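These are my notebook entries on a single model. I record here what I looked up, one topic at a time.

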Amino acid sequence: MTPEQIAEKADALYHDLDLGRVKQFRDEHPGAKVIGYLPIYAPREVVDAAGMLPVGITGGRGQIEIIRGDAYFQSYICQIPRSTIELALSGRFQLIDGFLFPSTCDVIRNLSGMWRVLFPEKYVRYVDVPQNFDPKVGGKFFRGELGHLRDDLAKLGGRPVTDDDLRRSIVKYNENRSAVSDLFALRNAAPWRALALESYLVLFAGNVLPVEEHTTLIRDYIAAVNASDRPMRDNARVVTIGSFCEQPPLGLIKTLEMAGCYIVWDDMTLSKRWLTQEISTEGDPLTAIAEAFLTHSHSNAVLYEPRREKGDALMDIVRRTKAEGVVFAAPSFCDPALLEQPMLTEALDREQIPWTAFKYSENLGQFQVIREQAGTFADSIKLWSPA
Ligand code: SF4
């Protein structure tokens, strides 16, 4: 298959708000449960080990009119909780038996409470992650949380979840992480061949595909890109940051590429890339997952990072990817992304890395202003960058 054909397949999954692929999973695995998870971090290994399909809940992707969802929220918060409620009230999550609400921000936390009230028949768990990175404190706490989740899922699924089940799932997700990392390496080496929009769709497909199938899709895409011949353009290499939760519309990613930006790194679909290294398959598997969270979590706005200055991780990425500029693309009213931004821009200013910033919502439909802004940014890099 060509890269375009693989992206087309992923695009169909992206646009299917009715979760046809989840229905297929249920048909192929009678009695198996499906667990949805909100952004960002969820221990998908534990869900998979219980024989269940973890499904990423990513909002309405601009494809659903918000009518009832607005009634549940004040006007000055982001879009994703509204469209998520709208999807649920329209019956599109009927195939999902339970939901994990990670401790991403107050909005997701409050959504978990609403869920308990609105859908009392569904399993709901708030996934609290550690704020203390001492293994004896935060690690022990998180190991306990993971144990509760494992026991809950065992009860829901009607069978025990063994350490061997967990180790098998850890191996599968390690393979997936390795494939994701290879895709990012390819994008970095040849962004004119592994296009940002296609790569995004391929990663996004991991929200509904079983993990082994998703790994195969990524590997197939990498092979197809390597076999393709696409023209190199004189675009600016940029990192985009801030899109880790509510996802930007596809038109926005396309607009950035068309405006002359090669996106060599981004934090979209961060839930598929939260851990930067493999989880150990030695010893107690839940302890291994907890330790991986403490030691290998990707730096991001919702992670408590006592050991590093905000901005250090971004500068590492900029250097590693040889990016010429940074584009802050954050959802409107996203407190974590927008509160972090001044600390990140300060770090960039210190190193004289050019940056630009704009906000979006998942249902944004007009991209002309962003196209002009991004185009001017890319041109200014090409004209005046010292590189
Ligand atoms: S977009 Fe930002 S504010 Fe909204 S739910 Fe996500 S992290 Fe929270």
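Entry 1, a loop and its peptide bond. I located I40 in the loop between β1 and α3, the latter spanning 44–49. I then checked the bond leading into I40: the peptide bond from P39 to I40 is cis, with omega near 5°. I noted this because most peptide bonds are trans. The model is a predicted one.

Entry 2, positive phi angles. I looked for non-glycine residues with positive phi and recorded L19, at about 55°. L19 sits in the loop that links α1 (3–15) and α2 (20–28). Is L19 buried or exposed? I counted 22 C-beta neighbours inside 10 Å, and the threshold for a buried residue is 20 or more, so L19 counts as buried. I also recorded T269, which is not a glycine and has a positive phi of about 50°. T269 belongs to the loop between β6 and α11 (285–296). T269 has 24 other C-beta atoms within 10 Å and is therefore buried.

Entry 3, the sheet containing β1. I traced an open sheet of four strands in the order β2-β1-β3-β4, with parallel pairing. At its edges I found β2 (53–56) and β4 (123–127), each of which pairs on one side only. Neighbouring strands here are turned against each other by 25° on average, direction ignored. I then examined one pair: β1 (residues 34–37) and β3 (residues 98–102) run parallel and share three bridges. Which residue of β3 is the bridge partner of I35? I found that it is G98. Helix α5 packs on this sheet and touches β3 and β4, its direction making about 155° with that of β3.

Entry 4, the sheet containing β5. I traced another open sheet of four strands, also with parallel pairing, in the order β6-β5-β7-β8. Why do β6 and β8 each have one side without a neighbour in the sheet? Strands β6 (261–266) and β8 (355–360) stand at the edges with a single partner strand each, so one side of each is left unpaired in the sheet. The average turn between neighbouring strands of this sheet is 30°, direction ignored. Strands β5 (residues 236–241) and β7 (residues 325–331) pair in the parallel sense over four bridges. Within β7, I identified G325 as the bridge partner of V238.

I next listed helices lying across this sheet. Helix α12 (residues 312–321) crosses β5, β6 and β7, running at about 155° to β5. Helix α14 (residues 368–384) lies across β5, β6, β7 and β8, at about 165° to β8.

Entry 5, the nonpolar core. I found that the largest nonpolar core has 109 residues, and that V202, V238 and C261 have the most contacts inside it. V238 is thus a residue of this core as well as the bridge partner of G325. For V202, I listed contacts with I6, A7, A10, L217, I218 and Y221, leaving out residues up to four places away in sequence.

Entry 6, the ligand. How many residues surround the ligand? I counted 13, the closest being C78, C105, V107, C245 and C334. By class, the shell divides into 10 nonpolar residues, one polar and two charged. Helices α5 (106–118) and α13 (335–350) each supply at least two residues of this shell. The largest share, three residues, comes from α13. I note that α5, a contributor to the shell, is also the helix that touches β3 and β4.

Notes. Residues are numbered from 1 along each chain as its sequence is written. This is a predicted model: local features need pLDDT of at least 70, side-chain atom pairs count only at pLDDT 80 or more; totals for chains, interfaces and linings use all residues. A nonpolar core is a set of buried Ala, Val, Leu, Ile, Met, Phe, Trp, Tyr and Cys residues joined through C-beta atoms within 7 Å. A residue is buried if 20 or more other C-beta atoms lie within 10 Å of its own, exposed if 12 or fewer, and partly exposed in between; C-beta atoms are placed from the backbone. Two residues are in contact if their C-beta atoms, placed from the backbone, lie within 7 Å. A residue is near a molecule or strand if its C-beta atom, placed from the backbone, lies within 6 Å of it. Ala, Val, Leu, Ile, Met, Phe, Trp, Tyr, Cys and Pro count as nonpolar, Asp, Glu, Lys and Arg as charged, and the others, Gly among them, as polar. Two strands pair if DSSP finds at least two bridges between them. Axes are lines fitted to C-alpha atoms, for helices over the stretch in contact, and angles run from 0 to 180 degrees between N-to-C directions.
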